[in-house]
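Good morning, everyone, and thank you for making room for me today. I would like to walk you slowly through one structure, so please look at the sequence and the picture together as I go.

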Amino acid sequence: MIKKLFERLEQPSFKNIALIIKLFRYAAKQDQDDQEGSKIDKYFTDSQDYGNLLQYCFLKLPEQIKSFYKVDYVDNLTKEDIKSHVQLIIIRGFLIQSMKFLENTITNQEQDEPALLYSIQALGNLNQVCSAFDSIQKKLISLLIQVWGFGSLKVKLQAFIQVRRIFQQLKDHQQTLIIKKFYVAYTSQAKHLMWRNYECVNLMINCIVELLNMNMNQGYQIAYQSLQILVKQIRDASQSKNEENVRNIYNQQTINILRLWTKAVCKHKEINQLGDLMPAIVQLILAVLDFYPSVEHYPFQLHLIQLLIQITETFKVWINIIPYILRMLSCAELKRSKLKTSVRPYDFDIGYNIKPKHRQSRQFWDEMCQQLINNLIVYLSYFIKSKVFKESIIFLDKQLKDISLTFGFSGNKIRVQKLRKMLKEEYSGKETQLETEAQRIIFDHQEIIKQKILSQNEEEELSEVEQDIQDEKDQEYVFEEIKKYKDEHKKDDDDDLDSDVLNEYEGDPEL
């Protein structure tokens with residue numbers, strides 16, 4: 001009967017549409033509450049009819065409704081297209097029930113990627129009709145942003161594509177609310193950056209930057225408000241620099257927020273007033289650098305220096321980060337000659353503070369020194385042909401010489417000597433390898449990130465198999481322990497029996 005009804009809807013009448021909506025509402029209630037089964041049994045003769053009905057209502061019925069009201073294929077339904085108040089109520093009830101059903105699916109199946117992708121597709125199709133009801137469309141967008149916030153890379157991309165299509169048709173105040181919701185979802189995910197969510201965080205940054213590109217005026221206001229909130233946090237924390245206040249500023253969320261707005265400003269530097277926020281972002285990053293310059297937060301400060309280098313490359317402006325690099329090179333740990341070596345390598349790409357075991361590691365400080373010199377090379381390569389470069393080389397060379405003399409390990413001294421040699425060659429006008437070295441450093445860093453992401457994906461693919469293998473090993477171990485326990489018990493029982501037998505014949509003259 002369901003299939004016949006689908007065939008009748010090829011030339012839609014509202015009577016058939018209303019019947020389909022009625023069946024869907026009963027079916028949706030049955031799926032959620034399991035109470036209306038008796039009312040729909042007579043309409044279903046096949047076990048697949050229930051799924052076919054849901055699929056039809058989510059994927060095809062919106063187009064049939066548009067066809068009935070003679071709405072153009074590229075346009076969405078509006079409230080003015082629906083002339084009858086009764087029809088308006090029926091369609092609105094269908095959309096409300098659809099939102100409840102899909103919300104229930106999204107909430108209960110967060111880890112089921114196919115179910116989430118199907119829900120995203122259904123929401124995208126339903127928007128053709130939801131556009132006639134502002135409150136329902138708002139709910140639809142909220143569900144898409146919710147999925148975008150916690151979903152996998154593929155789920156995030158599909159959810160964003162659907163939101164982007166809706167975003168273009170909305171008014172300024174509606175677009176502002178959407179960008180704010182995206183930003184809130186991003187900050188929630190940006191609290192912890194690991195290799196398993198590294199690509200997802202980068203995709204979320206690109207998605208928000210894309211929305212800002214579509215409404216730059218509103219994007220400027222949101223960016224300004226976000227930066228003002230961060231400024232207030234720094235100001236409040238500066239009044240008492242206790243451990244909690246420092247932790248509230250020096251964390252991965254702060255880095256990722258600054259990464260987002262740095263990317264947004266650098267992306268739109270010559271298009272709109274977002275580029276005007278560049279000085280504000282630079283001052284904010286410098287304020288965070290000066291907030292609490294302790295050794296344990298050197299990786300965090302290294303991330304901030306990299307953001308300043310990114311702004312320097314984009315805007316071709318001189319941001320003096322040399323004192324910060326020299327300050328870090330002058331730390332007491334690099335002057336020590338006796339440090340431990342057997343420590344796991346530190347991940348500078350996602351790490352933001354130094355643990356005690358790394359602070360006592362020679363390998364860590366060698367890598368830290370290399371990271372600082374690499375960033376200095378990349379930074380200076382952007383000013384080779386400027387007057388500022390030659391003016392700063394003399395001071396920089398003297399400072400590097402004095403600092404290198406205090407290093408406790410010869411390897412760090414050699415690194416600084418190579419940099420000083422390149423700077424002297426550049427100053428004297430000889431052919432230098434500074435630009436080539438900077439390009440090599442950037443390329444190698446990008447390749448390392450790709451390899452880490454790839455290795456993380458391979459580990460995730462193998463994790464389930466490894467878990468099964470581990471479960472089998474644990475089970476075998478338990479069985480072996482049980483067998484060992486039984487054997488020991490049996491041996492103890494035999495020894496007791498032999499002892500009892502010997503006691504019976506003790507003192508017998510014939511033995």
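Let me start with one pair of side chains, those of E437 and R440, which meet in a salt bridge with N and O 2.5 Å apart; by salt bridge I mean a side-chain nitrogen of Lys or Arg within 4 Å of a carboxyl oxygen of Asp or Glu. Before I go further, I should say that this is a predicted model, in which local features need pLDDT of at least 70 and side-chain atom pairs count only at pLDDT 80 or more, while totals for chains, interfaces and linings use all residues. Residues are numbered from 1 along each chain as its sequence is written, and side-chain values use heavy atoms, with hydrogens and water left out.

Both E437 and R440 lie in helix 22, residues 434-504, where they are three residues apart, or about one turn of the helix. When I say helix, I mean a DSSP run of H or I with at least four residues, and a strand is a run of E with at least two, both numbered from the N terminus. An α-helix has 3.6 residues a turn, so residues three or four places apart point the same way.

R440 has a second partner, D444, with the closest N and O atoms 2.7 Å apart, and these two residues, four apart in helix 22, are again separated by about one helical turn. How exposed are E437, R440 and D444? E437 is partly exposed at a relative accessible area of 23%, R440 is partly exposed at 39%, and D444 is partly exposed at 28%; here buried means under 20% relative accessible area, exposed means over 50%, and partly exposed is in between, using a 1.4 Å probe and protein chains only.

Elsewhere, in helix 20, residues 387-404, D402 and K398 are four residues apart, about one helical turn, and their side chains form a salt bridge at 3.3 Å, N to O. Of this pair, D402 counts as partly exposed at 34% relative accessibility, whereas K398 is exposed at 51%. A search of the whole structure finds 14 salt bridges.

Now let us step back to the whole chain. What does its secondary structure come to? The protein chain has 22 helices and zero strands, and buried residues make up 46% of its 511 residues. Among contacts between residues at least 6 apart in sequence, 71% join residues at least 24 apart, where contact means heavy atoms within 4.5 Å.

Helix 11, residues 198-214, lets us check a length: at 1.5 Å a residue, its 17 residues should span 24 Å, and its end C-alpha atoms are 25 Å apart, which agrees. The expected span is 1.5 Å times one less than the number of residues. Among the buried residues of helix 11 are Y198, M204, C207 and I208, and I ask you to remember M204, C207 and I208.

The reason is W148, which touches M204, C207 and I208, as well as K156, A159, F160, F182, A185 and Y186, not counting residues up to four places away in sequence. W148, W261 and W365 are the residues with the most contacts inside the largest nonpolar core, which has 155 residues. A nonpolar core is a set of buried Ala, Val, Leu, Ile, Met, Phe, Trp, Tyr and Cys residues joined through side-chain atoms within 4.5 Å. The largest share of this core, eleven residues, comes from helix 19, residues 362-381.

A185 deserves a moment too, being found in helix 10, residues 172-189, and buried at a relative accessible area of 16%. A185 and G149 are 36 residues apart in sequence, yet their C-alpha atoms are 5.2 Å apart in space. Leaving aside neighbours within four places in sequence, A185 is in contact with I145, W148, G149 and M204.

Finally, the cysteines: how many disulfides does the structure hold? It holds zero, a disulfide being a pair of cysteine sulfur atoms within 2.5 Å. Take C369, which is buried at a relative accessible area of 0%: its sulfur is 8.9 Å from the closest cysteine sulfur, in C331, and that is too far for a bond.
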